[in-house]
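Subject: Structure for your review

Dear colleague,

Please find below the structure I am handing over to you. I should be grateful if you would read the notes that come after it with the coordinates open.

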Amino acid sequence: ITVANGYIRDNPRYPVIARTLDASGLATVTIRLLTPSEAAKDEHTGYWSFDLELLSHRIREATHWVSLHPRLRELDIGFLGSGTGAAAALVVAAQLGAAVHAVVSRGGRPDLGRDYLPRVTASTLLIVGEKDEAVCDLNRQAFSQLLCPKEMTIVAGSDHLFGEAGALEKVASLAAAWFAAHLRSGTRI
């Protein structure tokens, strides 16, 4: 499940990552954590994007839907999130325990879920852009609190959006490899 705070259709990063995951044989379900009206308000206020309770609730609901879907329910669950969506994904991973097998944070703020980090059991990969020094530091702090199998990768020469040539593709490849290593292979849809 890839989670997005904002409006997916206007964000060119999501299709690049989804295509890479799909090409790797992984089933993907992309959910928007905010409604269009919430996303519009959030652009100016940041009101909704830091509401971890709301974001976590929506990820739990999507996970529940996946668990009931006939073509998806037998597959392992992994989350990929960015920004505060990554923190919400880690909160839900902690809450659901063994039901979530892997988490990838792309330029995320896992530190915002600090109270839940020691309870995460899912294998977790934190990916951060080298030029995003503040978020690198916050990810290092979060990394030290995680007790699960974990890695942190810093993408050289990249900022928080991974907008440099080839950076987003590298992030997508790292995520696909992480999921391939930590989700059971089996029937692909």
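The notes below cover the strand pairing around β4 and then the cysteines. Please bear in mind that this is a predicted model.

Strand β4 spans residues 100–108, and eight of its nine residues are buried. On one pairing, strand β3 (residues 77–82) runs parallel to β4 and is joined to it by six bridges. Within this pairing, L80 has V104 of β4 as its bridge partner. To pass from β3 to β4, the chain goes through helix α4, residues 83–96, in a β-α-β crossover that is right-handed.

Strand β4 also pairs with β5, which comprises residues 123–129; these two strands are parallel and share five bridges. Here V103 is bridged to T124 in β5. The residues of β4 named in these notes are thus V104, as partner of L80, and V103, as partner of T124.

As to the cysteines, a search of the whole structure returned zero disulfides. Why does C136 not form a bond with the closest cysteine sulfur? That sulfur belongs to C148 and lies 19 Å from the sulfur of C136, which is too far for a bond, given that a disulfide requires the two sulfur atoms to be within 2.5 Å. For C148, in turn, the closest cysteine sulfur is that of C136, again at 19 Å. Both side chains are in covered positions: C136 is buried at a relative accessible area of 4%, and C148 is buried at 7%.

With kind regards

Key:
Residues numbered from 1 in each chain as written. Predicted model: local features only at pLDDT ≥ 70, side-chain atom pairs only at ≥ 80, totals over all residues. Heavy atoms only, no water. Buried < 20%, exposed > 50% of the residue type's maximum accessible area, 1.4 Å probe, protein only. Helix = DSSP H or I, 4+ residues; strand = E, 2+ residues; numbered from the N terminus. Pairing = 2+ DSSP bridges. Right-handed = clockwise from strand over helix to strand, strands pointing away.
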